[in-house]
Amino acid sequence: QVQLVESGGGLVQAGGSLRLSCTASGRTVSRCPLAWFRQAPGKEREFVSAISWSGSGTYLATSVKGRFTISRDNAKNTVYLQMSSLKPEDTAIYYCAAGSVYRDISGSYYNGLSYDYWGQGTQVTVSS
């Protein structure tokens, strides 16, 4: 079983930056695809970014391209989401997710069903 814990959320002004972290415990996720999703109040959960198990593939939602970057540190069992040029519409609870070992997400990275483990989320609030 994998437990995921997000951190790094908070309140930031528009144009600012935050780095979210998600650390896994229970077992290594070094061979698992990892992703970030978010859910704003009154809206459905949406895909933000994902990284393949090998790290060679990274994926970003159109709304965050050029502003967000995903990365992973397998030695720390952690995935990061660097967010810059934040906008009020980025306000949401951000969740990290992990897929099964060696799962190929190249065709389904945006689908929550591609991931088996989820964290509890961290709140990001961007003020205008």
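Start by selecting F47: with a relative accessibility of 11%, F47 counts as buried (buried is under 20% relative accessible area, exposed is over 50%, and partly exposed lies in between, with a 1.4 Å probe and protein chains only). Before you go on, note that this is a predicted model, where local features need pLDDT of at least 70, side-chain atom pairs count only at pLDDT 80 or more, and totals for chains, interfaces and linings use all residues. Residues are numbered from 1 along each chain as its sequence is written, and side-chain values use heavy atoms, with hydrogens and water left out.

Now add F37, which is buried, as F47 is. A pair of aromatic rings is described by the distance of the centres and the angle of the planes. Rings of Phe, Tyr and Trp (its six-membered ring) pair here if their centres lie within 6.5 Å; planes under 30 degrees apart are stacked, over 60 edge-to-face, and the rest tilted. The structure holds eight such aromatic pairs. In one of them, F37 and F47 meet edge-to-face, with 5.7 Å centre to centre and 75° between the planes. F37 belongs to strand 4 (residues 34–39) and F47 to strand 5 (residues 46–51), so this pair ties together parts ten residues apart in sequence. Strands (E, at least two residues) and helices (H or I, at least four) are DSSP runs, numbered from the N terminus.

Next, select Y109. The centres of the F47 and Y109 rings are 5.3 Å apart and their planes stand at 55°, so this pair is tilted. It links distant parts of the chain: F47 is in strand 5, while Y109 sits 62 residues away in the loop between strand 9 (92–98) and strand 10 (117–118). Y109 is partly exposed, at 23% relative accessible area.

Widen the selection to F37, F47, Y59, Y109, Y110, Y115 and W118, a cluster linked by ring pairs. Then show R45. R45 lies over the face of F37, 5.5 Å from the ring centre, and over the face of W118, at 4.1 Å. Such a charge has NZ of Lys or CZ of Arg within 6 Å of the ring centre and within 35 degrees of the ring normal.

Last stop: strand 8 (residues 78–83), mostly covered, with five of its six residues buried. Strand 3 (residues 18–25) runs antiparallel to strand 8, joined by six bridges (strands pair if DSSP finds at least two bridges between them). Pick L20 and you will find its bridge partner L81 in strand 8. Strand 7 (residues 68–73) also pairs with strand 8 in the antiparallel sense, over six bridges, and R72 stands opposite V79. Finish at N77, in the turn of the hairpin formed by strands 7 and 8, where phi is positive at about 55°.
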